[in-house]
Structure formats: structure tokens, C-alpha cells
Amino acid sequence: MRMLGLTCELSICPGKQRLEAEMKDFSLVDPRPNALYRQLVAIVGRNAFQLSVQLYDESATEGKFYLDMNRVDAEVTASFGGAKCIFLYAYVSELLAFVDQFQSAKQSMWEASLNAAEMTRVNIQRAVQKAFRVRLNIDMKAPLIFIPRNSDSEEIILADFGALKINNTFQMSEIRNELGEPVIFDKIHMELNDMKLSRTVLSRQTLSSSSEVMILDPVSFQLNIDRNLTMSWYKDAPQMAVTASLPNLK
């Protein structure tokens, strides 16, 4: 395993806290000299990932900023470079067998994961009840998954999950309650482009494919989520409404 250029920076400024993280490159190599697929994971973009999270001290869900749709409680900006991954059942089995040797550590990790998941669930529930405003700007090149017929074969199934973009805006309705407070919606837009599935032949050295035969032609679709941030008093709109647009599959 090789990681290059991993940095993390936390800054606390008046009115906000900012966390920034970045990884330039990541790779996973099978060290066995007789392995036909040596490079199991490789990054194809400029960076493995970039992440920026900003938390603001002054709440956007109450007080003087409540009616300002440009004010948020937090901002999340993230970009992920594409990765090429080789899925070999034999390698995965060996990895799981190796991990099984550390039963006590695995049990501790499992318990820690359960505790972290419970804390995350509680925090998400609190954020939803408070109508926490988070601005999202996520651009992710999904990984290319190569699935060989077996460890000695160059014939593979290629699963390309395309490119995913997520962003959102906050909109104020003309509908108001008896206190003059408006209905506010969080409109989340998700777009997945050029997802496809094919059969091809892979070069073990360069991880490049040739003679591609399509199983599923490239497909793109959009998903829109409308969150009712004033669900505590406005019941005429659902807490979450989801609409999707999916073309014909070939």
C-alpha cells in the first residue's frame, strides 16, 4: 500500500472552523513475484481526493440569518479522482484470512464501529430536527472496477460507475405561518453521468482495456431531493420528496 501527499489542516478562526484534507495518490500492489495483476488499485486523476469542511458559529436556522438563503451552518466541498480497481476473489480471500488472525483487534474495531455508527445516527437525527443547513458541492469520478474471469485471465467485466455530482440550494416559499416565518426547502440535485457495464480484455501492465463489448450502454440519470426544513409546523409538504429521471436502458 502506498499513499502520497496526505495532508490535513484544521484552522479555528473567529466565527468559523475549517478542516481541509488532501491526498495526492494512493495505490495498492500485490507484492508476490508471480502475481499476474500486480497493481490492484491506481488513481487516474490529479488527486485521490480533496475535502474542505467549514462550520460556522452563528446558526443559519434561527436568529438574524434565518431568512438569508445564502447563509448556512456548514459547507462541504469535496472532489474525488477516479480509481482503477482490480477485484480478485483469491486476493480478497487471502486478505480476509490474514485479518481473521487478529480476532481481538477485529472485535474491538467492530465495537468501535458500532459506537461510531450510533453517535452518527444520533447526530444526524439532531441535525434533521434542527433543520441544519449544509451546502454541498461534491464532484466525484466513480471508480472503474475490473473483474477478471479468474486470476490468470485477461478477460474481464468492466463496471464504470461514471461521474457523480451533488449540489444543493436553499429556497424560501411564499407560504408563511402566523409568526410570519416562511417555509424553507433544501433542494438537492444529484447527477450521475456515463455509467456503463462492458466486457473487455485488460492489459495487466497498463490497466488499459481493448476490444470492449458493451453489456450496458452508457447511461446518465438525475435525482432531485426536496427536504422540508420547516416540517415542525408545515405538514402540507412531505419531509422529503424524491424525483428521478432515468432514460431507457440498452
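Which residue forms a salt bridge with K187, and how far apart are the closest N and O atoms? I would like to start there and then work outwards, keeping in mind throughout that what we have above is a predicted model. The partner is D226, and the closest N and O atoms of the two residues are 3.1 Å apart. K187 belongs to strand β13 and D226 to strand β14, so this salt bridge ties together parts of the chain that are 39 residues apart in sequence. As for the surroundings, K187 is partly exposed, with a relative accessible area of 26%, and D226 likewise counts as partly exposed, at 26% relative accessibility. K187 has a further contact to report, in that it lies over the face of F185, at 5.7 Å from the ring centre.

Let me stay with charged groups for a moment. In general, side chains of opposite charge can pair when their charged atoms come close. A search of the whole structure finds eight salt bridges, and I will describe two others here. One of them joins the side chains of D160 and K141, with an N to O distance of 3.8 Å. D160 lies in strand β11, which covers residues 155-160, and K141 lies in strand β9, so that this pair links parts 19 residues apart in sequence. D160 is buried, with a relative accessible area of 11%, whereas K141 counts as partly exposed at 34%. The other joins the side chains of E155 and R149, at 2.7 Å from N to O; here E155 is partly exposed, with a relative accessible area of 42%, while R149 is exposed, at 62%.

Now to the rings. A pair of aromatic rings is described by the distance of the centres and the angle of the planes. The structure holds two aromatic pairs, one of which is formed by W233 and Y234, with 6.0 Å from centre to centre and 65° between the planes, an edge-to-face arrangement. Why is it called edge-to-face? Because the angle between the planes is 65°, and planes over 60 degrees apart count as edge-to-face. W233 is partly exposed at 29% relative accessibility, but Y234 is buried, with a relative accessible area of 13%. Separately from these pairs, R71 lies over the face of F65, at 3.8 Å from the ring centre.

Turning to the fold as a whole, the chain has two helices and 15 strands, and buried residues make up 30% of its 250 residues. If we take the contacts between residues at least 6 apart in sequence, 61% of them join residues at least 24 apart. The chain exposes about 15900 Å², with carbon and sulfur atoms supplying 57% of that area. On the surface there is a nonpolar patch made by M1, M3 and L6, which together have about 370 Å² of accessible area, and L6 itself is placed in the loop between β1 and β2.

A few individual positions deserve a careful look, beginning with two that lie in loops. T230 is in the loop between β14 (209-228) and β15 (240-245), and it is buried, with a relative accessible area of 2%. Leaving aside residues up to four places away in sequence, T230 touches Y66, P182, V183 and I184. N47, in the loop between β5 (39-43) and β6 (49-56), also counts as buried, at 16% relative accessibility. With the same neighbours in sequence left out, N47 touches E22, M23, K24, F80 and G81.

The remaining two positions lie in strands. L136 is part of strand β9, residues 134-141, and counts as partly exposed at 22%. Its C-alpha atom is separated by 6.2 Å from that of E75, although the two residues are 61 apart along the chain. Beyond residues up to four places away, L136 touches V76, I166, N167 and N168. Finally, which sign does phi have at D194? It is positive, at about 60°, although D194 is not a glycine. D194 lies in strand β13, residues 182-202, and is partly exposed, with a relative accessible area of 48%.

Note on methods. Residues numbered from 1 in each chain as written. Predicted model: local features only at pLDDT ≥ 70, side-chain atom pairs only at ≥ 80, totals over all residues. Heavy atoms only, no water. Phe/Tyr/Trp six-rings, centres within 6.5 Å; stacked < 30°, edge-to-face > 60°. Buried < 20%, exposed > 50% of the residue type's maximum accessible area, 1.4 Å probe, protein only. Lys NZ or Arg CZ within 6 Å of the ring centre and 35° of its normal. Helix = DSSP H or I, 4+ residues; strand = E, 2+ residues; numbered from the N terminus. Contact = heavy atoms within 4.5 Å. Patch = residues over 30% accessible without salt bridge, like charges linked within 9 Å, V, L, I, M, F, W, Y side chains within 5 Å. Areas by Shrake-Rupley, 256 points an atom, 1.4 Å probe, with all protein chains shown as cover. Salt bridge = Lys/Arg side-chain N within 4 Å of Asp/Glu carboxyl O.
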